[in-house]
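Please take me through this model in the viewer, one selection at a time. Say what to select next and what is found there.

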Amino acid sequence: MNTKIRRLKKKNFSSIIIIIIAVVLNVVVSLLMGYWSYSWLPIQASEAAHYVDNLFAFETTIGTFIFLGCTGTMAWILVFNRAPKYDESNGEPLEGNLKLEIIWTIVPLILVLGISTYSTSVNYKLENLGSKIKYDFGAEVPFVEEKKVFDYGPIDVISRQWNWEFVYPNGIHSSELHLPVDKRSNFRLITEDVIHSFYVPAFRLKQDIIPGSVITYSLTPTKEGVFRLRDAMFSGAYFSENQTNVIVESEEIFYKWIKETVKKEPQNGLNPAGRLYEKRLRNGNRGWATVKPAPDPKVNEVGSEARLHDS
Amino acid sequence: MTIFNYDPRLVKTKNSYPKGPNDWKRFFSFNTDAKVIGIQYIVTALFFLLIGGLLGMLIRGELITPPSDLFDPTVYNGLYTMHGTIMLFLFLFPILSGLTNLLVPPMIGAPDMAFPKLNALAFWLVPIFSIILLLSFFVPGGPASSGWWSYPPISIQNPLGKIINGEMLWIIAISLSGISSIIGAVNFVTTIIRMRAPGMGFFKMPIFIWTVLAAQLLQLLGLPALTGGAIMLFFDLTFGTSFFRVEGGGDPVLFQHFFWFYSHPAVYVMVLPVFGIFSELFPVYSRKPLFGYKFVAVASFGITILSLVVWVHHMFYTGTPMWMRNLFMFTTMLIAVPTGVKVFAWIATLWGGNIRLSTPMLFCLGGLFNFIFGGITGVMLATVPVDIHVGNTYFVVAHFHYIIFNTIAFGIFAAIYHWFPKFTGKMFYEGLGKVHFALTFIGATLNWLPLHWAGLLGMPRRVASYDPEFAIWNVLASIGAFILGVASIPFILNMVSSWVRGKSAPPNPWKAIGLEWLLPSPPPHENFEEDIPTVLNEPYCYGLDKPFVEDEQFYIEKSLKKI
Amino acid sequence: MLTENQNLSLNHKPGHIKHDGHNMTGFIIFLCSESIIFFAFFVGYSVLKISAPVWYPTGINGIDIKMPLINTVILVSSSFVIYFAEKYLHKKNLWGFRIIWFITMMMGSYFVYGQYVEWSELTFSLQVFFQVAQVLVMV
């Protein structure tokens, strides 16, 4: 009897050691993955990026722990519990374990409660989205009083099939979005046709632009550089060409740009989709049906399609 | 145990379908036998898997290089729209209906479905709407090309102004598919509620039946909302109404609510039966009872109820107010709880078992492995700040392919292999099955794992061209896609050759417990006919000294045709 | 079937499942499901109404109540009428059945006529519908 207990204890002891080693290894790998996860994301160029990346790293860590925990157990089973050839006997007939089942209901519940509390707090810290006001489509876009504090704006972000146009408070039209670094800029997001999405991966921010509504939006760039602005909501034939650059500059250069650009004569802005459509017409208009691209916007600052972007 | 001894030569069935000749022609007729309909569904769906897969490979061919050089972007848009539509409405839904048709009546001991004629009607709608959908390739202007979401205003732009256009045919096809699914759902639910074998209370049903019930109830609750939305979209497109048309005061976001109210639960309609398949197969191939049967059974309904209140997580960045985003983030995350219960129960079922790595088990294990991964990225997508960054990027594409192909299709392949001997009466070739698994697993992983990084770096989905920094991930993905294409060869070879000239299958080749395994292979026309067993316990009592049905020996002998 | 080998005795009572008689269950399930389509329409209407900057949308001056109300009353009451027709049929009172059946049919025809009137008054054109029909006929 005594020896049996001792043997049982010994077995328990060794399995406890194995479990501890496995858990420690898992924790180490999970933390490493969380640490690496920062490198999977673009440059952090806005105040939101920091929060989003931290949340993502947190989720990567927990996710890796759960993934390796589950698949590690599966691997263990596959190595040590394989039935020998021609052995068709039954395994240990465990029907369930109420305690265990309650634990694995409660623990994930607490975990998701924790994660959602964390992300709710991030949501409240960011507060990029202002208000969404419906208006009579086709009529003039109404002015929206923005309650939140911002340093610069409102810049009208006008999206079309398929080009972008930015209108500054002093009347500058531009094909690229120039923003002052470390200042909270405010936008009115407007579309003239279908749903588009204002998405700057380096800012970790995305906001759909809904026809018939004007949406106010604020963000603070925190890094100087050239970042890609991509339409992220499918908007028709040349959707993938509907991109432009966001140029974040120091306050000084930004205001100099504002002052100088206002003197420039309006000319045709960036419209790669329009060029592609012209090429298609030249080649015999083959392919399936599409609406005609919007005409080139008339802008003071054309910018450059060839500009290299940081992310 | 002696009762499992069999001599395969003894069990050749003479005529497995007493009421109809055992010939191939019945598969091309308006046959009302659920087993024939099941096979009709599965074969049709597998045909469309090939077509959808071909479109998928064309997409990956375009995306292997950054510029849009293989097709015109309009063609690319049509191709990816049709790829999604065909895979969902012509492959996944029909194939799951097929498996459900095959399995539900034998598993609950019913002779057939409750409404056999409606059942046949539901199937024959599939070829009808498939033809309508495929015809849209040939109408002027090309097929629908606004994605399978068909969001207005892009879907109602109708550039050529023609009345019959791809989008219109698309809506008609989807509505017919909805009608077919509703007929099927009414049929399945009625059958499960009314036609179970004596003694089979709800807590003695196989888990597959639980999940089918949960999934089909979800279908009944959710699908009409999409049908309503589709009717309004059709009116906007064809008759110029303005439910969603902004110029007339409509609201395009309203459609998104209708769409996702059904289309998010639709994923659970597809994944729940696959959870059922996992729950059936793990006990068989690890020779152990299903761990926590009641928890696993009830968790299906937890998923059903929760999945009806999560749809706004597809709309976190459409201007949804903060409180709504937080609320739906929370409900979405709650789904992880019942899902987690199932995953842990499966792993506990494997624990300490006697694992047999046959082809169905390999697909199950691969599917579970991928599902854990896809589930974790799903929780990441549920959190608002992360979703605002990666939503509508390739991260989402990778995530949902991990669920929809790497989990659901893996489960479907597992089910096809597992029940192939039962319903065709032939054994498949294990070696070819393993080759199929290896190629599918490698191809699927290579196809969708790298795309997560493309999405994290900010590559939007549905693009025909992209910035060169995403090239590496796309090249890997394209190679994976082509490997997946190759993987279909051993599968087709295996299925066709084993059905034509495979070894005859015994009634219970896997030594599984379950009413369907007490029938001969293939089962006779009305399954148990006038002698339906009385069920005593749930079908997972491996190694437990619990009888499954009254007088089990009699049914085993009967299935072996010794009586 | 059980003649070849009788060594095994039947130790159980053969079970039996009814093939038919599930129509009511199926129909109730179907009705509950279909009512959700109308739920979707009502939700759509109220969302559009609540969120619109100005109600009604431009070009619409109000909703006609009278005609739909008459139509609804007729449609709903016809289901009571047909119920009585069925009662007469059960009592084998054929003439009573025929008369009430005819009344039901008249109510139905009036409803269809009312629908035609209402739809033909709508601003968006049903001509498109006729064009589609024409094309289909041509095909």
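Select chain B and colour by secondary structure: this chain of the predicted model has 15 helices and zero strands. Its radius of gyration is 23 Å, close to the 24 Å from the globule rule for 563 residues, so chain B is as compact as a globular protein of that length. Turn the C-alpha trace along its principal axes, and chain B spans about 75 × 45 × 45 Å.

Stay on chain B and colour by burial. Of its 563 residues, 67% count as buried. Among the contacts in chain B with a separation of 6 or more, 83% join residues 24 or more positions apart.

Next, add chain C. Here 48 residues of chain B are in contact with 37 residues of chain C. On the chain C side, helix H1 (23-51) and helix H4 (127-138) are the elements that give two or more residues. Select H1(C) first: this helix gives the most, with 14 residues. By type, the chain C side that touches chain B holds 21 nonpolar, 14 polar and two charged residues.

Now hide chain C and show chain A against chain B. Their contact takes 86 residues from chain B and 81 from chain A. Elements of chain A that each supply at least two residues to this side include helix H2 (47-80), helix H3 (98-126), strand E1 (129-134) and strand E10 (225-231). H2(A) gives the most, with 14 residues. Colour the chain A side by residue type to see 42 nonpolar, 23 polar and 16 charged residues.

Terms used:
Residues numbered from 1 in each chain as written. Chains lettered and ligands numbered in written order. Predicted model: local features only at pLDDT ≥ 70, side-chain atom pairs only at ≥ 80, totals over all residues. Helix = DSSP H or I, 4+ residues; strand = E, 2+ residues; numbered from the N terminus. Rg over C-alpha atoms; globule rule 2.2 N^0.38 Å. Buried ≥ 20, exposed ≤ 12 C-beta atoms within 10 Å, placed from the backbone. Contact = placed C-beta atoms within 7 Å. Nonpolar A, V, L, I, M, F, W, Y, C, P; charged D, E, K, R; others polar.
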